[in-house]
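Open the model in your viewer and get ready to select things as we go. We will begin at one residue, then move on to the chain contacts, the symmetry, a sheet and a whole chain.

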Amino acid sequence: MSNQSDQSLLKDGWLPGVKSVGFGGDYNPEQWPEEVWAEDLDLMRRAGVNLVSIGIFSWALLEPRPGEFDFGWLDRVIEGLHGAGVRVDLGTPTTVPPAWFWQQNPHVRPVLRDGTVLATGSRGICCPSSPEYAEASVRITTELAKRYGNHPAVSLWHVHNEYGAPISECYCEVSAASFREWLKARYGTLDALNAAWGTAFWGQTYYEWTQVGTPALSGTSSNPAHRLDFARFSNEELIGCFTRERDVLHELAPGIPVTTNFMATNCPSMDLWKWSAEVDVVANDHYLTAADPLSQVGLALDADLTRSLAGGRPWILMEHSSSAVNWQPRNLAKRPGEMARNSLSHLARGADAILFFQWRASRRGAEKFHSAMLPHAGANSRVFGEITQLGATLGDLDAVLGSRVRAQAAILWDWESFWAQDLDWRPSVDLAPRQQVREYYERLWRDHVTVDFAHPTADLSGYPVVLAPASYLLTAEAVANLTAYVEGGGHLVVGPFSGVVDQDDAVHPGGWNGAVRDLLQVSVEEVLPLPAEGQVALTGDLKGRIWAEDLQLLGAETILEYLDGPATGRAAVTRRTLGAGTATYVSTVLDHQVLGAVLDPVLERAGVTVDRDLPWDLELVSRHAEDGTEYVFAINHATTPVDLRVDGTDLLTGETCAGSAKIPAGSVRIFRR
Amino acid sequence: MSNQSDQSLLKDGWLPGVKSVGFGGDYNPEQWPEEVWAEDLDLMRRAGVNLVSIGIFSWALLEPRPGEFDFGWLDRVIEGLHGAGVRVDLGTPTTVPPAWFWQQNPHVRPVLRDGTVLATGSRGICCPSSPEYAEASVRITTELAKRYGNHPAVSLWHVHNEYGAPISECYCEVSAASFREWLKARYGTLDALNAAWGTAFWGQTYYEWTQVGTPALSGTSSNPAHRLDFARFSNEELIGCFTRERDVLHELAPGIPVTTNFMATNCPSMDLWKWSAEVDVVANDHYLTAADPLSQVGLALDADLTRSLAGGRPWILMEHSSSAVNWQPRNLAKRPGEMARNSLSHLARGADAILFFQWRASRRGAEKFHSAMLPHAGANSRVFGEITQLGATLGDLDAVLGSRVRAQAAILWDWESFWAQDLDWRPSVDLAPRQQVREYYERLWRDHVTVDFAHPTADLSGYPVVLAPASYLLTAEAVANLTAYVEGGGHLVVGPFSGVVDQDDAVHPGGWNGAVRDLLQVSVEEVLPLPAEGQVALTGDLKGRIWAEDLQLLGAETILEYLDGPATGRAAVTRRTLGAGTATYVSTVLDHQVLGAVLDPVLERAGVTVDRDLPWDLELVSRHAEDGTEYVFAINHATTPVDLRVDGTDLLTGETCAGSAKIPAGSVRIFRR
Amino acid sequence: MSNQSDQSLLKDGWLPGVKSVGFGGDYNPEQWPEEVWAEDLDLMRRAGVNLVSIGIFSWALLEPRPGEFDFGWLDRVIEGLHGAGVRVDLGTPTTVPPAWFWQQNPHVRPVLRDGTVLATGSRGICCPSSPEYAEASVRITTELAKRYGNHPAVSLWHVHNEYGAPISECYCEVSAASFREWLKARYGTLDALNAAWGTAFWGQTYYEWTQVGTPALSGTSSNPAHRLDFARFSNEELIGCFTRERDVLHELAPGIPVTTNFMATNCPSMDLWKWSAEVDVVANDHYLTAADPLSQVGLALDADLTRSLAGGRPWILMEHSSSAVNWQPRNLAKRPGEMARNSLSHLARGADAILFFQWRASRRGAEKFHSAMLPHAGANSRVFGEITQLGATLGDLDAVLGSRVRAQAAILWDWESFWAQDLDWRPSVDLAPRQQVREYYERLWRDHVTVDFAHPTADLSGYPVVLAPASYLLTAEAVANLTAYVEGGGHLVVGPFSGVVDQDDAVHPGGWNGAVRDLLQVSVEEVLPLPAEGQVALTGDLKGRIWAEDLQLLGAETILEYLDGPATGRAAVTRRTLGAGTATYVSTVLDHQVLGAVLDPVLERAGVTVDRDLPWDLELVSRHAEDGTEYVFAINHATTPVDLRVDGTDLLTGETCAGSAKIPAGSVRIFRR
């Protein structure tokens, strides 16, 4: 983390002034008359709130006219919170510039790929390359840092909000000019750019830098390397917006960590491996996908990814919801107990703060139908009751603070690869990399195997098993890393259409999996997408979907074969050994229901034990303190109770469990052992 | 109606010069050589046509160059019609400005929400705030009024055509400036606007009027109050276009009523409660929805809504079709007898004129595949035969003119509420307010209960039963009105997600149904949208769809309970009594098939008797003359004959029915009693 | 063909210097280092390649700055090919102007109908009316013609690439001005234009030419005649781009034929009847539709259409694929043998050259996942093996060169009619003219009846049977032609919704089929589209779909009747005789499975014999040499072998077949007899 060792912001494992598990949410008192504020503080106290995020959307109130500031109301809010013992996560309000900014700078409105110029009136939209925006955002950040940088209530800076959503790219001329500067820095010469982008294809050779523009909408498919670089550029432009403010805050308010709230799986345009290197502490927003019948698996994946972004260190769940959100097609409310299970699953997976959007439901605006800690129905509601109960539970979990999760497997996750594969004109629209990852993840979730996520170039040596369900783009460095992992005794499983292209979206020489051919000892001679809804039968009574491949064995052995479809009689799943390590290749799409046929032997070989007697829907994760104490989180998603084999003490009730404990339906128990 | 009492335009219940039920249609002789005109007049006489609409799309022919007029051909058309005894509904042609207008004023082309500038070349598109359009439309209207205002053939002015279709909003800068003036008039101060719109949410506070623009497309959801006000403004801008022309006509051609053709259910952007206050007589266009297997129910709903807009007075069916239209995906032709059933259903529901689009099918242009009174196949066709038959039938119905329909129930209908609910980010995309209304309406249609529609603030005291299937937006005034209705002994039924917001789309304090909580004696603690295709079981073997709610009883009793789903065991339908009145709340979506379980007891309690022996598909409506005579319309939509218990005289055959009459399959009979 | 007799380019039936069946593909050596080129030539020799297309996308490399040329690399490529005995099809690279062109002329980027301005960065997009583009494209073409016009390796000029794809229309102001000139030439006066377009409808009369624009997106349906003329204009503007370059090439490089590659069925915006009159030899690109389970039928249709465009003369298959393409949703790979079957089906249907896109799979750019002759997997792959095998086979087929296909039936095909029917607001979105043609074609394909395609005004006298499955637009000239055909003893079958409009999309007087009413002796009184998924039962246990009609018999007899649906009891299929000829009318949509009930009697009456013992999936076509020799191509698409009754010699093995020959599953045999 940036400047981390310099500033030792996290030396006690947590935020300055926060002694317990963080609990609270976004607080927007500016939407309410001041007489409501006192009630807020009273109810926060009742609920056990100890941390709130404020000021995130307040630029227009704080700077009503350019350079003219009004901090009075915010002073009163912070004083009130301070008096009530609630710590402050203070926002820089740069996600929504005031109306005067747009009036002065209409050209800063972002331009979409098809040329549409977006209007203001919502949030999070601004050309990230705008110098006018840079100047204005530094000005307000500076003023905030000066005024509140020493305030004893302030524990954290919350820069902007959900960078990258709803818009992460701008195709205006200012962006184009900035993109050219970025390209000059990346490539040095136009010859290098022409080579990397393969501009000889379709006659796109550039002879002057000024000829290079954004990859705006054309008549048909645009150059994929051009688009991939524009995605990288856009990510980095927004990182630049963040670090510009962060540096102001570090300078003017040293000692207070700076973060911004990620959306680990909900904002595909941000490469969070790059972002996590810049924040002082990782914070994440997560919302269930209502249409996902097993949304708790998506939550766990998101939390594990966030912990991985944090390098295993504690992180902040900056936003989740007490019940329904308002922006999905059908916004299902959480049922009794679900919010607690969600919250404690995040905690079990490494979060040391559980915050919500938002404290009090808004009466007006675009999100008034979003649930809140204090819902429209008020303090006598089911939701506020469960919030209060959760606050009490978290208040008993100080011991867990700072403890770490230990994973038995890693899954490769690379935003650049997903960006590349998401471009158009790929072999099959059905082959969706994130869904591939989800299937592998869900298999292990159901097997109670804890997982980290890792970039393909990360140190993998600590993991008995590494899965690469969808590694379309692999650089030479990544391949070397994976090879070394297997050589070192690791067990690698690779999914279909992996190792196809390099960092320029150029096909690796040597077939469809040129990058990993030697490692896997199998060559993909041809990819064989299936028709819509198509299936292929494999040995072992398995079904593959979406995809098959024509494999040539170069030394790998056949594990499963295709029994029908375009590759009938050919290998479908292969394995090669390399010293104590193995590399397994899966050339079709296997859903979590059947993936065990491939993964079980790998887990066994890797020494990862799976308790097959446990019901699949009992979520089981542990955190480990430095002193060796283990905190076992048992979250029962089923409608029937489960008997868990466990020795230890119930952290909440103090009850001692010798050998077995009952986890009631829909409940969570936490054991110390 | 505007100036109605001044001008007494309708003192005889009908248009000047029109002595019978109006019959005819749009007549566009300018599309044909003059030699065809004589044949037209001859065939009109054969068919019994007595009223035609002309000149609606003739601006380019009447004013070929700015300020240069050519009325010769129109003089000849009108003389011809006058000679044939056909009355004229004379259009102001302002729905399509001539090509020279667009050449001079390209900036008047409307701008869509995403910035797209529409081209000319179709119809009905123009920035409604344009001063250039205002000037040009007043000029042509003035010339028409001067030339034809005293012509003895002219019975009606037909201003423009179908205001609001296809485009009702314009996002150009001229519109933005006009919107600001409208907002100043509505709010007086920016403080009031900021409060009403809740601009504190997402940092949108305005400090200068010039900072306020249209709610054009932004990166994500725009301020809903901003959008709702823009919908109101756009409706009123078009009303302004109408009244500008109407006032010219009233001044220069006194004594001739002025109308414009509404589309009661087909143009959601116009608030016709406001429009109906401005026209001298209500006129409506209706077309069947081919994909609706029971399109006759949609027709009846539309006709009842139109009559309600007319305050119960007679109205004009300005357009419907002899057979298929041409703009739906699959344009089903009407089958023999269907056109007569449609026409007489409109008449039964209060129309005193039955007109068609159009007299003679066009050979050219966008609507040549739209049916006409005189189809491509000519005068020897089935369609023209049925038209002639209908003309004869209508010619025998003078007695019905001016008689009124008496409704036993009212259904609340509020365009502003629909606009608000139609905005994005509502709890469920499946909860469609107009479909909700249709289900309640269809239940009563099948029960032969005649229905009016009413604005929530209208006088409801005359109705034994009032239904509010979808009243998302209710003002304090509306709630007071409904409360007084129930207190006065009325029986009110309220559908789910009602009373949620006020006129600013702001959530009423006190839960999800804050506005009606006291009236219903039930509080909606949380709304519980169901997954796609989801259902919930209720007591009484019923199924709800789309939606459930978590209800807290504040005094109401439980009528039906949820047996499964997210509200298992809680109340689904409740009732409270208040004096002699009752208020029933239905918290889920019940289709017409099962709504009887809720509505039947209410009807019974309200003294509305339902004849359960009648087949559901025998449409039965009555009109009542001032002298007490009742005209019973029996429209048999079934393929088998029906025996109807009736005493009276068949208005068409003169036959006397004592106790019973047979209504043949697919036929209509009208009885006087 | 243009200048064809002058230049006698095809006097030997083939391209200068090409002595065998052409075999090869697009060759893009500029995408590879020069060291790869030698390997290319070596592998081409191994595969039997004798013709490649080069330089198609090379403008930016050939003219790096305006007027500055670099031909060195191309010289070396051509020398290498020449040395290896590979003939050159030399592209003019005008489908992708260089980056400097766009930098100088940003206004030449095409404008879509909704106003979107496309960015550069793909291919094939340019305002076709641009004078700047004209100048630049003539300049590069001139330079190429001067440099290579006498090169002994050059056998063919390949102008541009796939004109009309992805964009064929431009709505910019320059295009509008050019459109006005085109309209002046077509109509002479505005009165004539106003009459043809029916501008009296919706008030669109023009009084100045400058008032006429493009039919850009309006609020609702635009004038269909306006749109149809714009489609004609756009087609002709692109033809003008082609002939501009062709004329340069004819002048500077006489003796070398000039072509451009059509997409017979894949680019609906080009009227290839007009294009085929301008090329010296017809060339076509064809790709299978992966989602079509019988894509070989689509291939045959496309090949037959191409041969018909060539007037029966040999043509060039300029592009097809060795395996999968990359631009469909799911790009299915060809299975072993499929590529050979595809190639030989094209050959059997008149192609004298079988070329591929492309020689060597690209590592970079938008099409790197498109298959190639030399795939990513290299020369040891299945695909390259089958390519080599195909090269050997084609090398044995010199005898077939120049022979002709004889068709027993013609199907009418008219792009203008399809354009007109494709416009909006037609009676049913389900009635798709090309799909109608496919059903009739597939019926005959399964019956082994060989088919030509013909324009409705073409000489049809040589065909025993003519089918008009979808002739919505028929001019008076076309109707006279069809009438003369039947009078001359021909047997005509007409599908529903035919003869409806004239060249201006104006309904012919006299009902819905006014143009063909007299010929068919049946009048369509009303069209009766069916609901979505609707069917109608006919006599003979048949089902019709999508559509029915209300027919009045004027002399025709009833062949089949409607048994249910909106036309119950009326005629569905009729026939009239006229001398020895007959005219059959089919008023509903019959799929190929049931069309035999209508077509079998017609074929029998016309003396076309169908061998009902042959399996339907044995494709059987013959080419006939001038000396009377017949080459029978038997392509077995089934998974079981077929015994074919045939006398003759196997052209590949030399084996003599007396009476019978076995065609193995998935194989092709060619017999001389």
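**Stop 1: a threonine in chain C**

Select Thr142(C), which sits in helix H6 of chain C, spanning residues 131-148. Keep in mind as you look around that this is a predicted model. Is Thr142(C) buried or exposed? The answer lies in between: residues count as buried from 20 C-beta neighbours and as exposed at 12 or fewer, so Thr142(C), with 17 C-beta neighbours inside 10 Å, is partly exposed.

Now add Val248(C) and Leu252(C) to the selection; leaving aside residues up to four places away in sequence, these are what Thr142(C) touches. Draw a C-alpha to C-alpha distance from Thr142(C) to Leu252(C): the viewer should give 7.6 Å, although 110 residues separate the two in sequence.

**Stop 2: where chain A meets chain C**

Show chains A and C together. The contact involves 45 residues of chain A and 51 residues of chain C. On the chain A side, colour helix H9 (224-252) and strand S15 (522-529), the elements that give two or more residues each. S15(A) supplies the largest share of that side, with five residues. Colouring by class, you will find 21 nonpolar, 18 polar and six charged residues on the side of chain A that touches chain C.

**Stop 3: where chain B meets chain A**

Swap chain C for chain B. Here 44 residues of chain B are in contact with 50 residues of chain A. On the chain B side, select helix H9 (224-252) and strand S15 (522-529) of chain B, which each give two or more residues. The largest share, five residues, comes from S15(B). This side of chain B has 21 nonpolar, 18 polar and five charged residues.

**Stop 4: the axis**

Try superposing chain A on chain C. A turn of 120° with a shift of 0.0 Å along the axis lays one on the other with an RMSD of 0.0 Å. The two copies are therefore related as by a three-fold rotation axis. To find the axis from chain A, go to Thr116(A): its C-alpha is the nearest to the axis in that chain, 4.8 Å from it.

**Stop 5: a six-stranded sheet in chain A**

Hide the other chains and select the open sheet whose six strands run in the order S10-S22-S23-S28-S25-S26, with antiparallel pairing. Which strands are at the edges? They are S10 (404-405) and S26 (656-657) of chain A, each pairing on one side only. Zoom in on S26(A) and on S25 (residues 648-650) of chain A: two bridges join these antiparallel strands. Here Thr649(A) stands opposite Thr656(A) in S26(A).

Next, bring in helix H12 (residues 338-348) of chain A, which packs on the sheet and touches S22 (618-624), S23 (630-636) and S28 (668-672). The direction of H12 makes about 150° with that of S23(A).

**Stop 6: chain A as a whole**

Zoom out and switch to a cartoon of chain A, where there are 18 helices and 28 strands. Along the principal axes, the C-alpha atoms of chain A fill a box of roughly 75 × 75 × 45 Å. The radius of gyration of chain A is 26 Å, which agrees with the value near 26 Å for a compact globule of 673 residues. Colour chain A by burial to finish: 60% of its 673 residues count as buried. Of the contacts in chain A with a separation of 6 or more, 72% join residues 24 or more positions apart.

Technical notes: Residues numbered from 1 in each chain as written. Chains lettered and ligands numbered in written order. Predicted model: local features only at pLDDT ≥ 70, side-chain atom pairs only at ≥ 80, totals over all residues. Helix = DSSP H or I, 4+ residues; strand = E, 2+ residues; numbered from the N terminus. Contact = placed C-beta atoms within 7 Å. Nonpolar A, V, L, I, M, F, W, Y, C, P; charged D, E, K, R; others polar. Least-squares fit on C-alpha atoms with pLDDT ≥ 70 in both. Pairing = 2+ DSSP bridges. Axes fitted to C-alpha atoms, helices over the stretch in contact; angles between N-to-C directions. Rg over C-alpha atoms; globule rule 2.2 N^0.38 Å.
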